[in-house]
Amino acid sequence: MWQSYLNGMLVAAGLIIAIGAQNAFVLAQSLRREHHLSVAALCVLCDAILVSAGVFGLAKVLAENPTLLAIARWGGVTFLLWYGLKALRRAVAPEAMADAKETGPRSRRTVLMAALAVTLLNPHVYLDTVLLIGSLGAQQAAPGAYAMGAASASLLWFFTLALGAAWLAPWLARPATWRLMDLMVAVMMLGMAAQLVFAA
């Protein structure tokens, strides 16, 4: 049982710690100190549900149904392009950043809906979290323990990221830092959209 738990933890950690759309979103929200702990909790919950679903059968369903993967792919491309261009506009146009500040802090519901979109409209979550982590978990001696290990890795990572970035926020809260952050997010989102298009 413990071997399955550790396997789940290590495999999940190796995949979720790599910088991606979800991590960039959590980082940005944490630097803004805008509902960052709620965002981290939502990411952990989504990961736990998706890994469990993959371990207990969804990985097999997705692997056998290319139509579902295609829907996830093109929905993800659309969302990543929209989000990436929005971040790019803030990075290159100071007035766009000023407009964003004038609107004030967003509600918890708005932020969580955006976090949900970043998580569930990103096709990599189905390829990595459901297919890869899930299919490996289905082969473990204790699949439930494996899923718990993966969820533990997600919990440790997202709360460490959220709390660490929020702690550093006072030192990083400069316009140049925000523009660099938005530029990084834009490059990542647009790059992922391009990858999905070319892979199709």
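Trainee: Which residues make the nonpolar surface patch of about 260 Å²?
Mentor: In this predicted model, one member of the patch can be placed in helix α4, residues 66–92, namely Leu68. Leu68 has 39% relative accessibility and therefore counts as partly exposed, between the limits of 20% and 50%. The patch of about 260 Å² is made by Val61, Leu68 and Ile71.

Trainee: Which residue forms a salt bridge with Arg106?
Mentor: The structure holds one salt bridge. The pair links distant parts of the chain, 72 residues apart: Arg106 lies in the loop between α5 and α6, and its partner in the loop between α2 and α3. The closest N and O atoms are 3.3 Å apart, and the partner of Arg106 is Glu34.

Trainee: Is Glu34 buried or exposed?
Mentor: Arg106, with a relative accessible area of 31%, is partly exposed. Glu34 has 10% relative accessibility; because this is under 20%, Glu34 counts as buried.

Trainee: Which helix gives the most to the largest nonpolar core?
Mentor: This core has 37 residues, and those with the most contacts inside it include Phe25, Leu80 and Val185. Helices α2, α3, α4, α6, α8 and α9 each supply at least two residues. With nine residues, the helix that gives the most is α9.

Trainee: How many residues are in the other core, which lies apart from the largest one?
Mentor: Leu80 is among the residues with the most contacts inside the largest core. Beyond its neighbours within four places in sequence, Leu80 is in contact with residues including Ala21, Met189 and Leu196. The other core has Val51, Ala147, Ala150 and Ala153 among its members, and its size is eight residues.

Definitions and conventions:
Residues numbered from 1 in each chain as written. Predicted model: local features only at pLDDT ≥ 70, side-chain atom pairs only at ≥ 80, totals over all residues. Heavy atoms only, no water. Patch = residues over 30% accessible without salt bridge, like charges linked within 9 Å, V, L, I, M, F, W, Y side chains within 5 Å. Areas by Shrake-Rupley, 256 points an atom, 1.4 Å probe, with all protein chains shown as cover. Salt bridge = Lys/Arg side-chain N within 4 Å of Asp/Glu carboxyl O. Helix = DSSP H or I, 4+ residues; strand = E, 2+ residues; numbered from the N terminus. Buried < 20%, exposed > 50% of the residue type's maximum accessible area, 1.4 Å probe, protein only. Core = buried A, V, L, I, M, F, W, Y, C linked by side-chain atoms within 4.5 Å. Contact = heavy atoms within 4.5 Å.
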